[in-house]
Amino acid sequence: MTFSCRSFALLIGIIVSAGFRCAAQQTSTPATTEGDFVVHDFKFHSGESLPELRLHYRTLGNPARDAQGHVTNAVMILHGTGGSGQQFLQPQFAGVLFGPGQLLDATRFFIILPDGIGHGKSSKPSNGLHAQFPQYDYDDMVLAHYRLLTEGLSVNHLRLILGTSMGCMHSFVWGETYPDFMDALMPLACLPVQIAGRNRVWRKMVMNAIRNDPEWKNGEYTNEPQQGLRAALDLLLIAGTAPVPMQKNLPTRDAADKYLDNYFKSRLGELDANDLLYQVNASRNYDPSAQLEKIKAPIMWINSADDFINPPELKIAEREVVRLKNGQFVLIPASEQTHGHGTHTWAALWEQYLQELLNKTGH
């Protein structure tokens with residue numbers, strides 16, 4: 001049994017593999033610049049601090065400024081839990097959006113792909129502090145990116161914030177915390193309410209699986225706690241996928257069993273238990289619902305109907321969108337083309353709505 005490149009890439013919607021490539025669909029991507037910005041004496045909302053917080057980023061294109069010195073073409077794209085900015089260079093995203101004549105053409109826009117705290121090449125527990133790393137949350141992650149933009153990249157305004165999954169949630173926090181900083185927001189695959197119900201339960205199960213493994217040793221393990229990580233991967237697989245594409249691509253028992261074996265072989269060696277625990281726990285106090293009216297920027301908010309993490313039957317999006325001054329909610333119907341929670345990274349499925357948002361907020 002072989003997978004199509006399209007089906008395999010986003011089979012794990014919440015923890016997209018940053019290094020995934022598919023030769024059959026590889027497209028030329030504009031040149032990318034990588035860098036690190038260090039924030040000194042960063043204070044976390046927990047009261048903890050780090051003498052040096054490293055924030056890694058990738059950029060495409062160059063900033064343009066108006067006569068007053070305001071950046072006019074910057075677009076920041078925010079990744080999900082366990083991901084990094086690297087994931088947006090995959091063909092199903094960059095190949096649809098960043099090329100010549102495409103919606104976020106890198107010759108016209110200054111595209112910023114940062115790694116959040118605890119992710120990618122930014123500062124994280126596995127760098128050495130382990131369980132002594134500060135207990136960061138989403139407010140800390142948004143503040144860190146604000147400082148990266150304003151102090152590290154001299155970006156004083158954003159044309160657009162586009163965020164997927166955790167980045168979707170960060171988009172709502174950005175809109176409330178810095179309401180005049182962006183022209184538009186495009187959150188994909190989240191809800192702007194406290195994480196509760198089944199969404200909280202499966203996250204808690206992931207964290208418990210790691211903490212209850214005897215090899216975790218309160219975060220000071222010598223070898224990765226394999227049982228805990230395997231259980232966490234089980235849960236992440238179910239949360240991030242959808243039944244229709246999985247049934248299509250795994251139509252037999254043997255195919256499904258082989259996929260699961262390969263999944264563990266490819267994923268298990270990439271994970272650090274402390275990093276994953278912190279990444280999932282960062283959502284613990286997320287709840288922008290009380291301040292949605294503070295958001296000024298037009299919002300194009302998109303979920304997919306086959307999203308296990310944000311199931312449409314809850315009707316939360318329909319309830320909350322009316323509180324946004326200039327917001328629109330779109331639910332993409334489930335189909336063989338959608339990918340459950342991971343639909344957020346398949347730009348061809350929602351680029352028409354990005355076009356609508358850019359047209360609406362153009363100057």
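In this predicted model, helix α3 (residues 138–152) and helix α4 (residues 166–177) have axes that come within 10 Å and cross at roughly 75°. Two packed helices are described by the angle between their axes and the distance between the axes. Angles of 65 to 115 degrees count as roughly perpendicular, and α3 and α4 are therefore roughly perpendicular to each other. On the side of α3, the contact is made by Tyr138, Asp139, Met141, Val142, His145, Tyr146 and Leu149. Helix α4 contributes Met166, Met169, His170, Val173 and Trp174. By character, the residues of this contact of α3 with α4 divide into 9 nonpolar, 2 polar and 1 charged.

The loops on either side of α3 each hold a residue with a notable backbone angle. Most residues other than glycine have a negative phi. His130, in the loop between β4 and α3, has instead a positive phi near 55°. Its relative accessible area is 26%, so His130 is partly exposed. Ser154, in the loop between α3 and β5 (160–164), is likewise not a glycine and has a positive phi of about 55°. With a relative accessible area of 42%, Ser154 is partly exposed.

The loop between β4 (110–114) and α3 also holds Phe133, which leads to the aromatic residues. The structure holds 17 aromatic pairs. A pair of aromatic rings is described by the distance of the centres and the angle of the planes. For Phe133 and Tyr278, these values are 6.0 Å centre to centre and 80° between the planes, an edge-to-face arrangement. Tyr278 belongs to helix α9 (residues 273–281), so the pair ties together parts that are 145 residues apart in sequence. Are the two partners buried or exposed? Phe133 has a relative accessibility of 2% and therefore counts as buried. Tyr278 is buried as well, because its relative accessible area is 4%.

A second pair is formed by Tyr259 and Tyr263, whose ring centres are 6.0 Å apart; the planes lie at 20°, so this pair is stacked. Here both partners lie in helix α8 (residues 253–267), 4 residues apart, which is about one turn of the helix. Tyr259, at 5% relative accessibility, counts as buried. Tyr263 is also buried, at 2% relative accessibility.

Ring pairs also join into a group: Phe88, Phe93, Phe98 and Trp350 are linked into a cluster. In addition, two rings have an arginine over the face. Arg198 lies over Phe308, at 3.8 Å from the ring centre, and Arg230 lies over Phe264, at 4.0 Å from the ring centre.

The final stop is strand β1 (residues 32–43), where His40 is found. His40 is partly exposed, because its relative accessible area is 48% and the exposed class begins over 50%. Which residues does His40 touch, not counting residues up to four places away in sequence? These are Leu50, Pro51 and Glu52. Along the chain, His40 and Leu50 are 10 residues apart, and their C-alpha atoms are separated by 7.4 Å.

Technical notes:
Residues numbered from 1 in each chain as written. Predicted model: local features only at pLDDT ≥ 70, side-chain atom pairs only at ≥ 80, totals over all residues. Heavy atoms only, no water. Axes fitted to C-alpha atoms, helices over the stretch in contact; angles between N-to-C directions. Helix = DSSP H or I, 4+ residues; strand = E, 2+ residues; numbered from the N terminus. Parallel < 35°, antiparallel > 145°, perpendicular 65-115°, else oblique. Contact = heavy atoms within 4.5 Å. Nonpolar A, V, L, I, M, F, W, Y, C, P; charged D, E, K, R; others polar. Phe/Tyr/Trp six-rings, centres within 6.5 Å; stacked < 30°, edge-to-face > 60°. Buried < 20%, exposed > 50% of the residue type's maximum accessible area, 1.4 Å probe, protein only. Lys NZ or Arg CZ within 6 Å of the ring centre and 35° of its normal.
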